[in-house]
Amino acid sequence: MFRYIAKRLLAGVITIWFIATATFFAMHAVPGDPLMNDRAVSDEVRRNLEARYGLDKPLGEQYIIFISNMLRGDFGISFTQQNRRVNDIIREHFPVSAILGILAIIIAALGGILWGALTALYRNRLPDILIMLLVILGISVPGFVFAATGQLALVHVNAIFGVKVLPVAGWGTFSHMLMPALVLGLGTMALLTRLMRTSMIDVMGEDYIRTAHAKGLSKQRIFLRHQLRNAILPVVTVLGPQISAITTGGFVVEYVFAIPGLGRYFVQAVQQLDYTVIMGTTVFYGAFLVLMVILVDILYGFIDPRVRVSA
Amino acid sequence: MSIRNVISFLGQQRLWAFFCLIIPIVSQAAVNGETRTITISLTEEPPQLNSMKATDQVSIFVLGHLMEGLVRYDRRGRLVPGVAKSWDVQDLDYTFQLRDDARWSDGKPVTAHDFVFSWRNALDPGTASEYAFILYAVKNGEAINKGERPITDLGIHALDDHTLVVTLERPTAYFLKLCAFASYLPVQEDMVRAKGDRYAADAGDFLMNGPFKLEDWVHGASLRMIKNEHYWDRDNIFLNEINADYITSDTRARLNLFLDDKIAYTSLDGDTYKDALANQLRIRSFITGSVFFLEYNHRDGRLTSNLNLRRAIQYAYDADEMVNKVLATPGNLPGISVFPVWLDGVEGKFRDEYPAPKAERNIVRAREYLARAKEELGGDIPPLILLVGDSPTASKQAEYIQGELLNNLGLDIRIDKQIFKQRLAKMTSGDFDIVGAGWGPDFDDIMTFGDLFASWNLNNRGRYNNPDYDQHVRTAMNSVDTLTRMEAMANAQQILFDDAVVLPQYEQGVIYLLHPKLRGVVRRVTGVDPDFTRARILP
């Protein structure tokens, strides 16, 4: 097990290095630079700005400086917010995205498992057809549509009840998180529902389920101990990438609900060619993704002992 | 579940604690007349609240509420005393008397030294302020910014704590208007030295001398501005608090917040405009002061350096159609001149006194020019590259122009859509034939547009070069006589038309919603906009 984890960690480090290097050179290959702005500046000012950010040095040297700073965990100062460090931006805004993401994942996982199991039990009957219809909607409709409709729904609900049932946007209390988390989790929930349904149907046809029935176990016990536990495995597999997809892909939801998450900075940085923030957020998100995948692999081993053995 | 079970379930304290979390504790309304509080949204987090470096609208908006310069604008757009209670002009020397009761938010007086420090620092090439050029009006400003002179040579001196003498580089008729600009705001030296690179990075990292002070700043989420008890004119400030509780550039989200009575102001775009109409809200409009135009590449060897080709396009284009059919939101004006309608002239408005020449659409004439252009350029005209931004509006406009020029002139236009920085890079290197560009005023004088196409102006990205035009700009720059200046600018306007230097498209308008109980909100083409500092709430 230890060797298994060590191997995965090493592969993870190489992946992160590759992400950082590829992003660094791709970013510098894009025409334009972060120092350009609406108002043209004098050569002197430009030279000083270049010197401050080290852009006056050759690209290879910039890369070496970047890598050595990265190893010390320092991503430098933002170009758009010249008095903020990229580390501070990540530290202040990632927790917001993470809380939102965790809540969304909880909603998505619970919902996905529940609906998936339900559709499998009622296979080809009305509840199954209804839910699967909604699932197709959930997968195919883009997130910003959910976000906009969810928000508009809140406006109407608040207007009908005359009191503020849930806030339309903003951040601060738990009530601010509910709608964005639901919206953010919908796509994943739909995906997990489908996955859970297929896997549940597979499990239901297995011999050991028939054996369980033959043993005279109660339906609930078979459902909880045998069907659900075995069917959940594929769901856990995709959960890892989904967690990072949700925590990193929430920028549309963050825009619409005015949430101070990191996703917004991630996207804006690319638009503004804010070199330091692009590097900081990409490497951070990359590392996060890698870590999640490794964690899920380890978790997998606990749920299914066979994985541990073969590893 | 029996009734008793239900009751005991509901009786659990933990359950109620959970629900209390779900239900918002205090729901802040858009305006509150009792606490004199308003809530607004910002389109983005202010990137730079260090006034010496601020360049963008959001930062200047926030700074406008937190700071005060030597002078400020009142609600009718007139200059009124700010930190300076009076001033005296002799040739190039301005002597400002600062008021004794102007104070920083820590209670210390605002002194002449604070201005000296701030202006010197903004021009210091080491500060690398992008807006340093706006201080070039002050003697030696440009030389200092280029590193040719020490910052102590700047034409600003504190005679004592409350007397400030400024010497100008050349006669500048609009110098006082410049003094209202963000780069001219004072900063307190001790604070800047103490905070270093982190100056103005957080609410506690800078001092304010304006009507409000920044009490709280949660990055990316909210800014809370409360009335500054040290502000000298505090008795005329009605509002106790301005809360910028939402930061999002999504106009639909802001409209929803407005409908939910969460924010007191929001601007609209083409989509949200229709929803606002459907909700029967009162929609207001306002001219932002910016002018949008197609800028030609005048560099040698470019097709668009041919005058007849530019004239052909000039006569094939209809600005009214652009505004009414393509932009199709109220508030925009058809672009006729680079000089917008709101600029002051000698006595009235410049454009009334010196009407801009206008090319009425005339396809026959346009084709004549095109024929001449083809002759000069030697045959058919290869496709022209139209460089535009990546916004939906920019695409719509580009496609319209593409269609017009193809139908009317048979010109082939290739649209090159680029994100902001890449478009700038291509504009600067001259990698385009025509570029969708615009210009917003920095100060409310004609010169903010006047020198745009001067050969020395770095923002002249089409590299237009005409000694006659330059001469008129110099005349206007070096004179304080209004008539001389306006005559010179009228000549410049004529040249811009005759040479078809650019193709004016439209003067930008915004449409917006404002809470009906809120009064005294001022919209401005330059500086703080919208200005809530002296707003009131109706009972």
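**Note on the predicted two-chain model**

1. Ser429(B) is exposed, with a relative accessible area of 53%, and since the model is a predicted one, this value, like the others below, is a computed one. Ser429(B) belongs to helix H15 of chain B, which covers residues 420-429. Although Ser429(B) and Gly462(B) are 33 residues apart along the chain, their C-alpha atoms are separated by 9.5 Å.

2. For a reader new to the structure, the division of chain B is a useful starting point: the domain assignment gives domain 1, made of 11-250 + 515-537, and domain 2, made of 288-509. The C-alpha centres of these two domains of chain B lie 34 Å apart, and at the contact between them 14 residues of domain 1 meet 14 residues of domain 2.

3. The largest nonpolar core has 126 residues, and those with the most contacts inside it are Phe96(B), Trp119(B), Phe175(B) and Tyr184(B). Because domain 1 and domain 2 of chain B both give residues to this core, it lies between them. Apart from this core lies another, of 50 residues, which includes residues from both chains, among them Leu166(A), Met177(A), Leu228(A) and Phe258(B).

4. The surroundings of Tyr184(B) can be followed residue by residue in the model. Leaving aside residues up to four places away in sequence, Tyr184(B) touches Phe115(B), Trp119(B), Ile134(B), Leu135(B), Ala137(B), Val138(B), Phe175(B), Leu178(B) and Cys179(B). Two of these partners, Trp119(B) and Phe175(B), are themselves listed with Tyr184(B) among the residues with the most contacts inside the largest nonpolar core.

5. In chain B, five strands form an open sheet with mixed pairing, and their order is E1-E2-E11-E10-E9. Its edges are strand E1 (31-32) and strand E9 (212-218), each of which pairs on one side only. E1(B) is joined by two bridges to strand E2, residues 37-42 of chain B, and this pair runs antiparallel; within the pair, Val31(B) stands opposite Ile38(B) in E2(B).

6. The second largest pocket holds about 860 Å³ of space. Its lining consists of 33 residues, of which Phe133(B), Tyr136(B), Asp451(B), Trp456(B) and Met477(B) lie nearest its centre. Helix H5 (141-145), helix H16 (447-450) and helix H17 (467-477) of chain B each supply at least two residues of that lining.

7. Two alanines deserve a look at their backbone. Ala258(A) has a positive phi of about 50° although it is not a glycine, and its place is in the loop between helix H10 (251-256) and helix H11 (262-272) of chain A; with a relative accessible area of 2%, Ala258(A) is buried. Ala200(B), likewise not a glycine, has a positive phi of about 65° and lies in the loop between helix H7 (189-195) and E9 of chain B. Ala200(B) is also buried, with a relative accessible area of 0%.

8. A further backbone feature to check is the peptide bond from Asp529(B) to Pro530(B), which is cis, with omega near -10°. Pro530(B) is placed in the loop between strand E19 (518-519) and strand E20 (536-537) of chain B.

Definitions and conventions
Residues are numbered from 1 along each chain as its sequence is written. Chains are lettered from A and ligands numbered from 1 in the order in which they are written. This is a predicted model: local features need pLDDT of at least 70, side-chain atom pairs count only at pLDDT 80 or more; totals for chains, interfaces and linings use all residues. Side-chain values use heavy atoms; hydrogens and water are left out. A nonpolar core is a set of buried Ala, Val, Leu, Ile, Met, Phe, Trp, Tyr and Cys residues joined through side-chain atoms within 4.5 Å. Buried means under 20% relative accessible area, exposed over 50%, partly exposed in between (1.4 Å probe, protein chains only). Domain bounds come from an automatic or database domain assignment. Contact means heavy atoms within 4.5 Å. Two strands pair if DSSP finds at least two bridges between them. Helices (H or I, at least four residues) and strands (E, at least two) are DSSP runs, numbered from the N terminus. On a 1 Å grid over the protein atoms alone, a cavity is a set of points where a 1.4 Å probe fits but cannot get out, and a pocket is an open set with protein on both sides within 12 Å along at least five of seven lines; lining residues have an atom within 4 Å of a point. Grid points are joined across faces, edges and corners, and a volume is the space filled by probe spheres set on the points.
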